[in-house]
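Me: I would like a close look at a single part of this model, with its surroundings described carefully. Please set it in the context of the whole chain before going into detail.

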Amino acid sequence: MLEPCEEAGPGLRPGPEPEEAAPEGKTGRPSWEEDEQDSAQMKSDVIDRMCGYDGLEEDEDEAQEERQIVVGICAMTKKSNSKPMTQILERLCKFDYIDVVIFPEEVILEEPVENWPRCDCLISFHSKGFPLDKAVDYAKLRNPLLINDLNMQYFIQDRREVYRILKEEGIDLPRYAVLNRDPHHPDDCNLVEAEDHVEVNGEVFPKPFVEKPVCAEDHNVYIYYPTSAGGGSQRLFRKIGSRSSVYSPESCVRKTGSYIYEEFMPTDGTDVKVYTVGPDYAHAEARKSPALDGKVERDSEGKEIRYPVMLTSMEKLVARKVCMAFKQTVCGFDLLRANGHSFVCDVNGFSFVKNSMKYYDDCAKVLGNMVMRELAPQLHIPWSIPMEAEDIPIVPTTSGSMMELRCVIAIIRHGDRTPKQKMKMEVRHPLFFDLFEKYGGYKSGKLKLKKPKQLQEVLDIARLLLAELGQHNDCEIEEKKSKLEQLKTVLEMKTTVCRYGHFSGINRKVQLTYLRNGQPKASSEEEDCKKDGPSLLLVLKWGGELTPAGRVQAEELGRAFRCMYPGGQGSSETHAYAPIYTK
């Protein structure tokens with residue numbers, strides 16, 4: 001059980017001013033409905049609040065009455081003042097019972113942990129120059145609720161440990177081997193290098209393969225190419241301007257330092273970046289792989305171009321496993337999609353999505369609800385868990401707050417098309433029964449044939465029977481010649497079925513139904529010539545193709561549909577469309 005803080009520490013904003021006091025019966029949920037101030041002024045006010053410069057003269061007795069949950073941000077200034085962090089903290093401050101305190105960098109670096117601001121919940125993460133040891137000591141001293149586990153961040157800094165944990169959790173990884181070198185004896189290692197492969201600890205990696213430093217802070221990752229592809233290597237590094245990698249003619253692996261050697265995974269030229277906020281939320285984006293040509297694609301504002309990605313159910317499960325295995329609520333990792341599978345190739349720890357207002361809203365809501373759920377009962381704060389699936393999406397605009405469009409659901413009838421047609425015929429030839437048995441028709445007594453290969457077999461049977469009827473008029477073929485000719489004609493129609501020698505389109509199919517005693521006859525004359533034994537009822541359906549006029553209608557509707565919502569004209573915003581088609 002976490003112990004609540006008994007008094008406010010340095011930098012903590014105690015409680016709201018009396019005139020700002022919230023009305024009775026407040027729920028503790030964010031007040032998205034309030035009008036937004038000017039963005040620059042609002043950001044300044046939020047920073048003042050988070051750093052504890054606002055309302056310090058307030059009466060302490062009232063501060064005790066309005067007990068606030070203090071969320072501490074312990075990170076380097078570059079990280080804690082970044083745009084994603086500021087956007088999320090602005091939203092987090094809208095929770096009625098949450099205050100945010102940013103630990104000043106000079107306090108983190110120079111002051112003992114006993115002098116650090118007190119908090120009930122701590123968001124802290126390692127970056128270059130950050131004293132992780134001191135953060136661990138602070139967590140032991142104050143025992144706050146940790147959003148990201150601090151001890152696990154030591155493991156995230158070592159790729160060997162990252163791969164070990166991923167392997168233990170059963171998460172797919174590229175095939176790899178670890179080469180540990182003694183810095184005093186770099187030549188004493190299990191590495192055998194040949195022209196087009198390396199052997200590490202007895203495991204062979206043919207080129208192309210990847211060479212990664214074991215230190216996760218070292219981003220100098222090399223990809224070595226075989227001589228058949230021209231040899232050399234692609235050298236990846238942290239983005240510098242518009243470059244993220246360069247080609248080098250050097251084909252020999254590095255001879256100092258410890259590395260992970262892994263199989264190169266052939267992707268479609270993109271990397272998938274996944275960002276979790278707890279085990280049940282994951283946001284994914286794709287970017288151009290730095291291994292392609294090393295040139296970073298940027299938009300008109302100079303930001304790297306990224307594309308939203310839908311994760312599969314297996315990838316969502318992987319995101320959950322990564323989040324829980326490393327005990328990092330806010331966590332980023334890299335996915336490689338290759339050969340129909342997804343492989344995790346890196347875990348980055350604390351990481352935010354850039355330039356996504358939807359993500360900022362979701363992240364703040366998930367974190368805020370998590371903090372309130374864990375700490376509100378302990379601190380006797382009257383907070384009720386939100387029951388609705390999602391709050392009304394409110395976004396700030398230049399003219400105040402307004403609802404945000406999340407998706408458009410349309411029910412659309414088809415455009416102008418050719419008539420649907422149907423032809424029935426009773427068949428008894430053994431070739432039809434063989435086809436019926438081949439595709440499992442006897443299991444249910446019915447069979448639908450839609451695939452090109454299946455339709456081709458029906459067409460072949462029709463052609464064969466017609467050929468036999470043409471050569472021998474007295475042959476024992478019970479199927480009517482006119483029906484067979486119609487079957488053959490429909491399946492050979494180029495406008496609906498056959499293009500470039502292959503069946504295409506979706507508006508044709510053949511249905512076969514097993515009739516134990518044959519098809520009932522409509523008249524006494526037909527009853528007299530009825531033959532005993534089973535038969536198959538063949539139903540051929542075709543038509544319903546979109547006409548040229550229908551295609552024009554569909555294109556015009558598509559153009560109009562883009563302008564049906566605010567900002568739809570030329571907007572690059574991503575919206576989800578779920579059309580429901582009717583007949």
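Reply: What follows begins with the chain as a whole, turns to one serine and its surroundings, and ends with a helix elsewhere in the sequence. The model is a predicted one, and its chain contains 15 helices and 30 strands. Of the 583 residues in the chain, 45% are buried, while the area that the chain exposes comes to about 32,200 Å², with carbon and sulfur atoms supplying 51% of it. When contacts are taken between residues at least 6 apart in sequence, 66% of them join residues that are at least 24 apart.

The residue chosen for the close look is S258, which is placed in the loop between strands β12 (243-248) and β13 (259-263). S258 has a relative accessible area of 15%, and because the cut-off for a buried residue is under 20%, S258 counts as buried. Leaving aside residues up to four places away in sequence, S258 touches L179, N180 and R181, and also K212, P213 and V214. With R181 there is, beyond the contact itself, a specific polar pairing to examine: a polar atom of the S258 side chain lies 2.9 Å from the backbone nitrogen of R181.

For a second view of burial, now in a helix, one may turn to α4, which spans residues 83-92 and is mostly covered, nine of its 10 residues being buried. The buried residues of α4 include P84, M85, T86 and Q87, and the list continues with I88, L89, E90, R91 and L92.

How values were computed
Residues are numbered from 1 along each chain as its sequence is written. This is a predicted model: local features need pLDDT of at least 70, side-chain atom pairs count only at pLDDT 80 or more; totals for chains, interfaces and linings use all residues. Side-chain values use heavy atoms; hydrogens and water are left out. Buried means under 20% relative accessible area, exposed over 50%, partly exposed in between (1.4 Å probe, protein chains only). Helices (H or I, at least four residues) and strands (E, at least two) are DSSP runs, numbered from the N terminus. A polar contact is a pair of N or O atoms within 3.5 Å; within protein, one must be able to donate a hydrogen and the other to accept it, and residues adjacent in sequence count only if both atoms are side-chain atoms. Contact means heavy atoms within 4.5 Å. Accessible areas come from the Shrake-Rupley method with a 1.4 Å probe; for residues, only the protein chains shown count as cover.
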